[in-house]
Amino acid sequence: MGLTHYLVLAAAMFLVGMAGVVIRRNSLIMLMSIEIMLCAVNVVFAAYSRMHGDLSGHVFVLMNFAVAAAEAAIGLAILVEIYRLRRTVNVDELKTLME
Amino acid sequence: METALRWIVLVPLCGAAANGLLVRHLPRRAAGLLACGTVAVSFALSVRVFMRLLALEPAERLLTDTLATWLAMGKLSIDIGFTIDPLGAVMALVVSGVGLLIHIYSLGYMARDEGFTRFFAYLNLFIFAMLMLVLGENLVMLFVGWEGVGLCSYLLISFWFNDEANAAAGKKAFIVNRIGDFGFLLGMLVIGTTLLPHMSPGEGVFSFGTMAAHAPLLAPAATLIGLLLFFGATGKSAQIPLYIWLPDAMAGPTPVSALIHAATMVTAGVYMIARLHFIYVLTPTALLVVAIVGAVTALYAATIALTQNDIKKVLAYSTVSQLGYMMLACGVGAFTAGIFHLMTHAFFKALLFLGSGSVIHAMSNEQDMRLMGGLRRRMPLTWPTFMVGTVALAGIFPFAGFFSKDEILWRAFDGGGIWLWLLGFLGAGLTAFYMMRLVSLTFFGTNRASEAVKHHIHESPATMTVPLVILAVLSLTGGWIGIPHFMGGANHFERWLEPVFHPEVVVADAQGGLGTVQAIEQGALGETAAAVAIGAHVVRDATGSAHHVGAEVMEWTLASASLAWALLGLCLGWWVYGKRQAIAARLQSLAGGLPYRVLLNKYYVDEAYEATLVKPGYALSEKVLWKSVDVGLIDGLLVNGSAIAVAVVSSILRLFQNGMLRFYVYVFSTGVLAFILYFTLSA
């Protein structure tokens, strides 16, 4: 397995994630899709790190995990609050800024 | 330093502030006393400063009081300061002295008016501004006072602002004066730009002393400066073509007419020209214009005064006419004579206005002389004092007007030529005639008022009659300080003002009787260009000619002629309007009544202004400025246009802000994709 495989996998994951964010209306699913995109990036970091024999890529992966975890925590908290308030997590119905 | 100067000016301001701020809380008596008291303080201080000047050597009679530097930018420096010299002393005494009498008179005249306190606040403010005008150390201070008196004039003309006509008269005065002030400002600007390059820092460019010292530098622009400043003076001093506001200004309370529109403010133009005589003597052209405008105004206004029926309007046109005499004097270089007439005129015209106020008071606010008559017996104090004023104004020996007006006519004849003299001479006879007409219609004959009014006729209270008596005494004796040489007098007045107008003469005298003219010309040739020589020429004309051999005969002749002419005018006026009313009617219908109608309608000048300036002005404002520029350009294109443009752009941009999160992401990712594709393909 060469580098190309990893990169193709990462591109595929990223596209899946992006499609999820664009297409789905459930904000929970959208959050999960963002996680998939972040993971795609992680895969790329790890692959390059391995190829160059350099650990700095791994450091970024760890940083990414941390940021993703924090984001998920905050994002979920916000979503729970929104659900309590509006009884929905459908982003198309959450347009208060416009109205 | 003479710190009394600042208090002369500022004390009336304190009175104005107190009365103005406490207008609802001050009892009438306190307000009146406060107003009179502050002016009395100013008058007392003026007398003190005058005494101090008198004690000094003639050439050193100049006191200053500098409060602060107002402005200092590079070479431009303007001080807040006051100065007094013999000319300023005369003006300060006239303003505060006559002002005090009129304040006291107002106590009685305005006693029952609702706006009593407000009136005195304005009046004090006026005295402050007028004193600032005459005592200001530089042209800018003078201008501040100049505008201040204009403002007070406006406030007081429309004092009874509930009446539409009064408000309109105030506006007219204000606007016409602003037109003149435009000329004044331009003149100041030319002085500033001409002198500024030659200034050293801290040297006040508009200070009268500095300007006089650098007068030769002004010579190239002197004609322009002189004409522009004179245009300002025609506004304030009601000369052709800007005299039209003064007769309308009679809408104000009568003490205001006496103080502002006869004795003080309207003479500001004459004072300004006298104050800046060192510029005017450099420019024969501007002087000639001043003289011609003055002489023409003197005769012109006198002819209008012949037919007016409103007692105050006659006096108003008479004021315009007398101001013309003062301008005529300045125009022929006889500044002393102009200021002399300014002073005596302040006495007798204030007296006449206050007398007419007393009459109006007695007649229950009736001002039409056709409805008066026979007041002689009912008003035993007003009647003789009014007669004194009339005789003084007509120029009968030995009343004040004789000496000052005769001096002007003689100087006009000597320095200006026979035509200028003739204009003034004709006007003098008319003055006597219309004044006697006024007296005849008011005080002689039978009373033509309604029964209700007749019943109320009474002499005015003492607050009003005492100033009348004092002014009458001044009108009689005021001229005696200027008895000319040919009558055996010493002409103290001219001697007093000599250091101001002819400083060279004083210097020459001090050097032990050098030939005056010679000394001036030598100095002129030694120092500067021909400009000063011209100035010296005028100075020689104004002073030297009095000593010509044979001139005395001429002076006697002219004086006798004008005295006879004035007496003839008085007699005719009394005969026509006092004795034979039928002749008056026949005079009216002379030549189909056309001359009478023309005069009655003041030569239709107001109508001409209306047709040539006001109507086109309205049309321009309405069609072009309002409907095209304001509505079309500003409202339409600029205000609404920019609003519409923003609305259009925002309606497009609004499409992108729909709150749809997925749409944002879609746009965002499409954009990223486009970037990636672009860079990939271009690489």
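Here are some exercises with worked solutions on a predicted model with chains A and B.

**Exercise 1. Get a feel for chain B.** Work out what chain B is built from and how much of chain B is buried.

*Solution.*
- Start with the secondary structure: chain B has 30 helices and two strands.
- Next, look at the extent. Along the principal axes, the C-alpha atoms of chain B fill a box of roughly 115 × 75 × 55 Å.
- Now turn to burial. Of the 683 residues in chain B, 53% are buried.
- Finally, check the contacts. Among those in chain B with a separation of 6 or more, 79% are between residues 24 or more positions apart.

**Exercise 2. Follow one helix.** Find out how the span of helix H14 of chain B compares with the expected value, and how many of the residues of this helix are buried.

*Solution.*
- Helix H14 of chain B covers residues 284-305, which is 22 residues.
- From first C-alpha to last, H14 of chain B reaches 31 Å, close to the 32 Å expected at 1.5 Å a residue.
- For burial, the count is 16 of the 22 residues, so H14(B) is largely enclosed by the rest of the structure.

**Exercise 3. Look between the chains.** Describe the area buried between chain A and chain B, and say which kinds of residue chain A brings to it.

*Solution.*
- Begin with who touches whom: 12 residues of chain A are in contact with nine residues of chain B.
- A general point helps here: interface size is often given as the accessible area lost when the parts come together.
- For chain A and chain B, the buried area is about 900 Å², with 68% of it from carbon and sulfur atoms.
- On the chain A side, helix H1 (residues 3-23) gives the largest share, four residues.
- Sorted by kind, the chain A side has eight nonpolar residues, no polar ones and four charged ones.
- Do the charged residues pair up across the gap in salt bridges? Go to the count: there are zero salt bridges between chain A and chain B.
- Residue pairs in polar contact, with both at pLDDT 80 or more, also come to zero between chain A and chain B.

**Exercise 4. Sort three salt bridges.** Decide how far apart in sequence the partners sit in A:Arg84–A:Glu81, B:Asp606–B:Lys172 and B:Glu494–B:Arg411.

*Solution.*
- Over all chains, the structure holds 12 salt bridges.
- Take A:Arg84 and A:Glu81, whose side chains meet at 3.2 Å, N to O. They are three residues apart in helix H3 (residues 56-86) of chain A, so about one helical turn separates them.
- The general rule fits in here: an α-helix has 3.6 residues a turn, so residues three or four places apart point the same way.
- As for accessibility, A:Arg84 is exposed at 59%, and A:Glu81 is partly exposed at 44%.
- Now go to B:Asp606 and B:Lys172, which form a salt bridge at 3.1 Å, N to O. This pair links distant parts of the chain, 434 residues apart: B:Asp606 is in helix H29 (residues 605-653) and B:Lys172 in helix H6 (residues 164-195) of chain B.
- B:Asp606 is partly exposed, at 25% relative accessible area.
- Last come B:Glu494 and B:Arg411, at 3.3 Å, N to O. B:Glu494 is in helix H22 (residues 492-501) and B:Arg411 in helix H18 (residues 400-416) of chain B, so the salt bridge ties together parts 83 residues apart in sequence.
- Both B:Glu494 and B:Arg411 are buried.

**Exercise 5. Spot the unusual backbone.** Locate two cis peptide bonds in chain B and two residues with positive phi, A:Arg87 and B:Lys602.

*Solution.*
- Recall the background: most residues other than glycine have a negative phi, and most peptide bonds are trans.
- One cis bond joins B:Ile240 and B:Pro241, with omega about 5°. B:Pro241 is in the loop between helix H9 (222-236) and helix H10 (245-248) of chain B.
- Another cis bond joins B:Phe397 and B:Pro398, with omega about -5°. Look for B:Pro398 in the loop between helix H17 (382-394) and H18 of chain B.
- For phi, A:Arg87 is near 60°. A:Arg87 sits in the segment after H3 of chain A and is exposed, at 59% relative accessibility.
- B:Lys602 has a phi of about 55°. The loop between helix H28 (594-600) and H29 of chain B holds B:Lys602, which is partly exposed at 21%.

Note on methods. Residues are numbered from 1 along each chain as its sequence is written. Chains are lettered from A and ligands numbered from 1 in the order in which they are written. This is a predicted model: local features need pLDDT of at least 70, side-chain atom pairs count only at pLDDT 80 or more; totals for chains, interfaces and linings use all residues. Side-chain values use heavy atoms; hydrogens and water are left out. Contact means heavy atoms within 4.5 Å. Buried area is the accessible area (1.4 Å probe) that two parts lose on being put together, summed over both. A salt bridge is a side-chain nitrogen of Lys or Arg within 4 Å of a carboxyl oxygen of Asp or Glu. A polar contact is a pair of N or O atoms within 3.5 Å; within protein, one must be able to donate a hydrogen and the other to accept it, and residues adjacent in sequence count only if both atoms are side-chain atoms. Ala, Val, Leu, Ile, Met, Phe, Trp, Tyr, Cys and Pro count as nonpolar, Asp, Glu, Lys and Arg as charged, and the others, Gly among them, as polar. The expected span of a helix is 1.5 Å times one less than its number of residues. Buried means under 20% relative accessible area, exposed over 50%, partly exposed in between (1.4 Å probe, protein chains only).
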